[in-house]
Each structure stands twice: as C-alpha cells, then as structure tokens.
Amino acid sequence: MVFQKNYSVTLIKSISGIRGTIGGPVGQGLTPLDVVKYAAAYGTWVKTQATDSKLIIIGRDARISGDMVSRLVAATLQGLGLDVCDLGLSTTPTVEMAVPAKNAAGGIILTASHNPKQWNALKLLNATGEFISEADGQRVLASAENEDFDFAPVTKLGQYTTDNTFLQKHIEAILALPLVDVEAIRARNFRVVVDAVNSSGGFAVPQMLEALGVTTIEKLHCEPTGDFAHNPEPLPEHLRDIAKVLEKGGFDLGIVVDPDVDRLALVSENGEMFGEEYTLVAVADYVLKALGGGNTVSNLSSTRALRDVTEKAGGSYAAAAVGEVNVVTKMKETNAVIGGEGNGGIIYPELHYGRDALVGIALFLTHLAKSGLTVSRLRNSYPGYFISKNKIELTPDINTDDVLTRMEQRYAKQPVNTIDGVKIEFDKEWVHLRKSNTEPIIRIYAESDSNATADYLAQKIIGDIKEIIAQKA
C-alpha cells in the first residue's frame, strides 16, 4: 500500500506506500513529521496482527534523503516498542525476502522507486514480505489521520540492530533455483554494461553478475550517491548513455534497473531497446518452456505478447488490475508459475512473490545462454506489439466513472474487462482506460501490431470520450 503526498494534493493512496517530495513547508511534500506519523501508524497496525514477532525489517535505496528518512522510521518504530533490523543500503526484493527469513512482523522499504531524487517513500510490507492489502492500508491511513497510536514506556523501547548479509543471501537463493544455470551463463562469457542510476543496483547488479560467472562488466552510473545521472525511470528516452556504449560494439547486453532494483530493462547488443514490456515476455518464455507449460499473469495494461507465448506453451493467461499486490493475488488464485508487470517487473514465486530485477537477470541470462542467440535476435523471435500511451484531461465537474460506464456500454459487443477501469479487446488489439486517482484524467493505453494502428486506436477512443462529454453538456 502506498500513500502519496505531493505539492498539488494533500494525501492520496495507491497500491504500494507513503510517497512524496522531500523538503518544503508542512503540507507540501513528505516532511519528517509525515514520516514519523505514517511510520507510527504502520507500527500500530503491525501490533494488531496475529504474530508474536516484534521485529520490523527496514532497508533503503541510495537516494539523498534515504539516511535521514531511515533514521526517522527506525526511531519511531522503536518508540512503539518494536525491534528494528536495518539492512541499510539494499534493494526492495532483498527486504521482501528478509522479512519471512527473519520471522519478522513486517517491513518498510525506503524508496520512491522510479521517481526523481527529490522524492522518497515508505513501502509497507506484511509478515510474508508482500505489500499490505488495500484494506490494511486503509487502516494504516485512518490511524495516521487520527494519530491513533500509543508509544511505549522507556523500559519497553524497541531494539535496533543492523544486518548487511541479506543481499548475499538473496543472491544465493537465486543461484539455488533449478532454472538458473550458472555453468551455461559462464560458458557464454557474456560482456555486460550496467546502468544502475546511482543507486543500490550499482553494487547489487554487479554482485549478481559476478555470482553468475560474468567477468566483463562495464559499470555506468553505478556509484550509489543518490544523485541520479538521469531520470530514474528506465524508459528509452532516459537510457541514451548506455545505448551509446552498446552502439560502439564489444558488448552482448545492457542491463538497467531502477533505484530500488525491482524493475529490469534490457538493451540489445546494438544499442536498441529490448523493451520493458518484453522483459517479462522473454523470462516467461524461458520458464514456460523449461517447465513444459504453466499459467501466467500480468496487469491489464501489459502487452498481449505474454498471453501469446503462454498459450503457445499450452498454458493459460490471466489479467489482473494494475498494481503489484493485485498481480500477486491473481497469481496465487491461478497458481501462476510466473507473472509481473509490463514495466520490467518480474515476479517469480519459486523465489518470492515480489518484483525482482535480480532473479530476472539470472533467468534472462540463462535463457540467452541456452538459446545461443544474440539479444536482438531473441527479441525478434517474439510477437511484435506496440503500446500507445495517452491521456485526456477532464474538467472537475465531469463524472469520470460515468464516462467509463458509457464507454463500456458503447463497446458492449466487444469483450470488455472492468476490474480496473475499462479494457476493450478487438481481436489482437486492445484499449485500456483508467481514471487517475490524483487528478481529473483518464489514461488511455492502446496496443496493436504497429505504432500507427495503436495511435489510431487511442485517438478513436479519445474521440468517443469527447463525444460522450459533449452529449452530457
């Protein structure tokens, strides 16, 4: 669960933590007062859970405000009488794995994920190391708003310890997976460029690669200073530096992660983007072939290519509402062997139920090694789809839910999914409409086998929305 705070709104909830910009007056951004309040609310919620543990695991990415926020969170939890184990500079999936490994009652990851360096966040985990549910998040929110928490007496304050061994344990768990073949990877003698945008991936990814037998690693923006060298969201327009290195030749692959190492983007040997959407497709293809089939899950806004490779392998694909917790819930319901999101998020339940770039790297390199292909040829072996991302801004007086209902009715003859906005399918094309939780906007994603058709599809839907609005005026 996420509670966001920024300059244009007061407090907004979304599915993974408490997020906002650092600095500025009270009421604008995520202030130290907010950090304490929401850490206290989370700790209060933890104490209501059916667990004998008083231990909370915390860890952070390398962003500039991380140390300050971490100390505030740790002290607040101790003040509630909870023990804190601080992993220090770490990754989101490492913290997620540490929670059940240490029989902790929960965990907090201090990262604003792909947001710029002025942002930070508290991502909240339950005792299984997964994001807390929306219902539990609402309880935390209510506790924070009402300041409904009691601190412990001085004789019952929590203890504070540190543990810097869990990244290695995380890597060892990945190496032990049956579908990770270190010998095959070592035999290919891959030459890899890594862009870790000056955060935790700067040490975590090279350590993972070395454990896999990769000896030639070119490090780009790997100093964990938190002063990000470029926009940290791993989109093509932000990855020009690594693309230029690969264009010169001499390397087999580029690996890019976001600041907390839960999203994985790949760059081909020629400098072309593999495509975040296709990270999951490629890894799922390998897992499905190795297991002889299985079920998969992604969210409604992710590429159809995952469904294609799943059905080709004899499995079944299911779509979940957007948000990691929704994908995980659907994966458990369908007993999926792999799943994730089109933003480069790989969820491999054989390891744990959380997006994990490190396990994605290990599985992808095994796939690449065993295929004998280059990265570009592997990418070309998959169905080619293009997603057009658009939005339409509405005036505050327009009922967004009513507009979506009218769109559902307008396309009632087509397959329509309404678990998260409205998704309309047209043979192998689709359009997904989602309202924003923070502003009067409908986001419109369209996918087809060409950019032009995807754009046309999106513009057709935008025209329909404008027509509906005009009719209501």
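T279 touches L264, A265, L266, F274, G344 and I346, not counting neighbours within four places in sequence. This is a predicted model, and in it T279 sits in helix α9. With a relative accessible area of 0%, T279 is buried. Below: more on that threonine, then the domain record, the second largest pocket and the salt bridges.

**T279 and its helix**
- Where does T279 sit, buried or exposed? T279 counts as buried because its relative accessible area is 0%, and the cut-off for buried is under 20%.
- Its contacts beyond the four-place window include L264, A265 and L266 on one stretch of numbering, and G344 and I346 on another.
- The helix that holds T279 is α9, which spans 276–291 and also supplies at least two residues to the lining of the second largest pocket.

**What the UniProt record says**
- An unreviewed UniProt entry lists "domain: Alpha-D-phosphohexomutase alpha/beta/alpha" for residues 16–149, 180–271 and 278–380.
- For the 180–271 span, the end C-alpha atoms are 26 Å apart, and the make-up is 28% helix and 21% strand.
- For the 278–380 span, the end C-alpha atoms are 11 Å apart, with 52% helix and 15% strand.

**The second largest pocket**
- This pocket has a volume of about 210 Å³.
- Its lining is made up of D285, K289, D308, V309, K312, A313, L378, S381, Y382 and P383.
- Which helix gives the most to that lining? That would be α10, with three residues; α10 runs over 305–312.
- Sorted by class, the lining comes out as five nonpolar, one polar and four charged residues.

**Salt bridges: the overall picture**
- How many salt bridges does the structure hold? The count is 24.
- As background, side chains of opposite charge can pair when their charged atoms come close.
- D262, E324, E341 and R355 are tied together in a salt-bridge network.

**A buried pair: R63 and D61**
- R63 and D61 join their side chains in a salt bridge, at 3.0 Å from N to O.
- R63 is buried, at 1% relative accessible area, and D61 also counts as buried, at 1% relative accessibility.

**A pair across the chain: D163 and K102**
- D163 and K102 form a side-chain salt bridge with an N to O distance of 3.4 Å.
- That pair connects distant parts of the chain, its two residues being 61 residues apart.
- D163 belongs to the loop between β8 (160–162) and α5 (166–175), while K102 belongs to the loop between α3 (92–101) and β6 (106–110).
- The two ends sit in unlike surroundings: D163 is buried at 13% relative accessible area, whereas K102 is partly exposed at 28%.

**A pair within one helix: R186 and E183**
- R186 and E183 make a salt bridge whose closest N and O atoms are 2.9 Å apart.
- Why are these two separated by about one helical turn? R186 and E183 are three residues apart in helix α6 (residues 182–188), so about one helical turn lies between them.
- R186 is partly exposed, with 38% relative accessible area, and E183 is exposed, with 54%.

Note on methods:
Residues are numbered from 1 along each chain as its sequence is written. This is a predicted model: local features need pLDDT of at least 70, side-chain atom pairs count only at pLDDT 80 or more; totals for chains, interfaces and linings use all residues. Side-chain values use heavy atoms; hydrogens and water are left out. On a 1 Å grid over the protein atoms alone, a cavity is a set of points where a 1.4 Å probe fits but cannot get out, and a pocket is an open set with protein on both sides within 12 Å along at least five of seven lines; lining residues have an atom within 4 Å of a point. Grid points are joined across faces, edges and corners, and a volume is the space filled by probe spheres set on the points. Helices (H or I, at least four residues) and strands (E, at least two) are DSSP runs, numbered from the N terminus. Ala, Val, Leu, Ile, Met, Phe, Trp, Tyr, Cys and Pro count as nonpolar, Asp, Glu, Lys and Arg as charged, and the others, Gly among them, as polar. UniProt positions are given in the numbering used here, feature names are shortened, and annotations may be inferred rather than shown by experiment. Buried means under 20% relative accessible area, exposed over 50%, partly exposed in between (1.4 Å probe, protein chains only). Contact means heavy atoms within 4.5 Å. A salt bridge is a side-chain nitrogen of Lys or Arg within 4 Å of a carboxyl oxygen of Asp or Glu.
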